[in-house]
Amino acid sequence: QMARIGVTGLAVMGRNLARNLARHGHPVAVHNRTAARTKALVEEFGGEGTFLPAETAEQFVASLERPRRLVVMVKAGAPTDAVIDEFAPLLEPGDMIVDGGNAHFADTRRREAALRERGIHFVGAGISGGEEGALHGPSIMPGGSAESYEALGPLLEDIAAKVDGTPCCTHVGPDGAGHFVKMVHNGIEYSDMQLIAESYDLLRHAAGLSPAEIAEVFRTWNTGRLESYLIEITAEVLAHTDAATGEPFVDVVLDQAEQKGTGRWTVQTALDLGVPVGGIAEAVFARSVSGHADLREASRNLPGPDRAAAAGPGFADAVEKALYASKIVAYAQGFHEIQAGSAEYGWNIDAGAMATIWRGGCIIRARFLDRIRAAYEADPSTPTLLTDDHFAEALGDAQDAWREVVATAARLGIPAPGFATALAYYDSLRADRLPAALTQGQRDFFGAHTYRRVDRDGSFHTLWGGDRTEVTA
Ligand code: NDP
């Protein structure tokens, strides 16, 4: 018997992806550098479907139906290149290598171009949902050629999460498009998590609620427009009591957040593309600040405000509004980055389809994504989600509370960089005039960088050191 698809790299993700394929009736070849993992998989889960274990790369490739479909689920970076180098010589034109790891989209573009020369389709596929998602249905964001999607799409859609019968998997676009979108997904995830963390902090230290009480607040929120996986697990984490100490779990966890890099990539890429993603950047920086124990220790005695003034009743509702409004901004910024990347690399990404495949399977899955899908359906070329009817109305309704929450945070000395930057973005886009005009004046003063005028076309320079007359640059 031949395998319809093969998975090499059988750590948590690869193993669960292989099991998911087998459970859906697809005979799957399995391979891992260290053969013990392959053996363990077949011993433990062999009953779930048809697994074809292979000890060597040659055996693995020989067991695959043609054109061959080979999924690589190894550590991102050099290991992925090593595995590609090992397998590519064994493949034939028309075969497909799918990289399901968290590769940087620039690496995916490089690998795709190199393999295309040899007639091999390279598919960088973002996979979200962690190990549970891989097993029960992830959100899958495959890039690569349209031709490869014809052969791979049905299999991937089969094992992906489903929402209202629609699979959370679609062809994103050529070469690195899939990994790009997965990267931005993770950036949005950072932003979403940061906003939730700030909400918790404000409810705790401005409203004086306990973790258990805040868990209840999140549970209530999860029945409304904020309903999402992240809100749901926030309530779980906050309600948890540490067995060893009897303290709230959240109080025994060291408050230094770690990161693996996709949030940072999202911000680095946004800087290159010139896309303002303050919400994602502040989320990355907030983790970074938390990790600088030395800075924090040295700064502990800096003066803060008198915290006596606690937030009044209704504050939790205000935080809900601030959270919803800031979340709209975070997603608007992320989608702007997707649109900009798509334009830069000629990917022709359907933004609404991305919202559709994020509704299930992935970490940011939420009811909210249906709203984004609808917004792009109503106006596929909208420059920003903020002006969609639903979102504009929600922002208008939330703005007083949003401002109050940011002001309260500032007054009480509670850091809320995510809320604050989201509000500043909203007000910047709304502004009739920005002080960027002054910035241009300064630039022209010290560097003769020239400026444009509101009343005439062209570039101008003022002779600042001379008689301050204006010359056309
Ligand atoms: P790891 O990232 O921990 O990688 C371990 C796997 O990589 C093992 O199978 C290991 O083989 C193999 N490997 C490492 N170096 C090499 C090499 N030089 N040659 C061949 N094989 C090598 O595994 P995960 O399952 O956590 O993740 C796999 C990929 O999926 C990663 O790119 C990750 O970023 C991505 N991902 C992970 C998610 C998660 O929740 N964990 C979610 C979404 C994506 P061996 O057993 O021989 O050591």
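A residue is taken as buried when its relative accessible area is under 20%. The model described here is predicted. Thr 462, placed in strand S10 (residues 460–462), has a relative accessibility of 9% and therefore counts as buried. The side chain of Thr 462 forms a polar contact with that of Tyr 451, at 2.6 Å.

Tyr 451 also belongs to the lining of the second largest pocket, where Ala 436, Ala 437, Gln 440, Tyr 451 and Arg 452 are the residues nearest the centre. The lining comprises 13 residues in total. Six of these are nonpolar, four are polar and three are charged. The space in this pocket amounts to about 380 Å³.

The ligand is surrounded by 19 residues, and those that come nearest are Met 13, Asn 32, Arg 33, Thr 34 and Arg 37. In this shell, ten residues are nonpolar, six are polar and three are charged. Two helices, H1 (12–23) and H4 (78–87), each contribute at least two residues to the shell.

Oxygen atoms of the ligand approach polar atoms of both side chain and backbone. For Arg 37, an N or O atom of the side chain is 2.6 Å from a ligand oxygen. At Val 74 the approach is through the backbone, with an N or O atom 3.0 Å from an oxygen of the ligand. A polar backbone atom of Ala 76 is 3.4 Å from a ligand oxygen. Taken on its own, the ligand has 890 Å² of accessible area, of which the protein covers 78%.

Helix H1 recurs in the lining of the largest cavity, to which H1, strand S6 (121–128) and helix H7 (146–159) each supply at least two residues. This cavity has a volume of about 50 Å³. The number of cavities of 30 Å³ or more is three. The residues lining the largest cavity are Ile 5, Leu 17, Leu 21, Val 71, Val 98, Ala 125, Ile 127, Ile 140, Leu 156 and Ile 159. By class, the lining consists of ten nonpolar residues, with no polar and no charged residues.

Two further buried positions were examined, one in a helix and one in a loop. Thr 408 is located in helix H18 (residues 389–412). The relative accessibility of Thr 408 is 7%, so this residue counts as buried. From its position in the helix, the side chain of Thr 408 reaches the backbone oxygen of Glu 404 at a distance of 2.7 Å.

Val 172 lies outside the helices and strands, in the loop that runs between strand S9 (166–167) and helix H8 (177–205). Val 172 nevertheless counts as buried, because its relative accessibility is 4% and the cut-off for a buried residue is under 20%. Between Val 172 and Ile 97 the separation is 75 residues in sequence, and the C-alpha to C-alpha distance in space is 16 Å.

Methods
Residues numbered from 1 in each chain as written. Predicted model: local features only at pLDDT ≥ 70, side-chain atom pairs only at ≥ 80, totals over all residues. Heavy atoms only, no water. 1 Å grid on protein atoms, 1.4 Å probe; cavity = no way out; pocket = protein on both sides within 12 Å on 5 of 7 lines; lining within 4 Å. Points joined across faces, edges and corners; volume = space filled by probe spheres on them. Nonpolar A, V, L, I, M, F, W, Y, C, P; charged D, E, K, R; others polar. Near = heavy atom within 4 Å. Polar contact = N/O pair within 3.5 Å; in protein donor to acceptor, adjacent residues only side chain to side chain. Areas by Shrake-Rupley, 256 points an atom, 1.4 Å probe, with all protein chains shown as cover. Helix = DSSP H or I, 4+ residues; strand = E, 2+ residues; numbered from the N terminus. Buried < 20%, exposed > 50% of the residue type's maximum accessible area, 1.4 Å probe, protein only.
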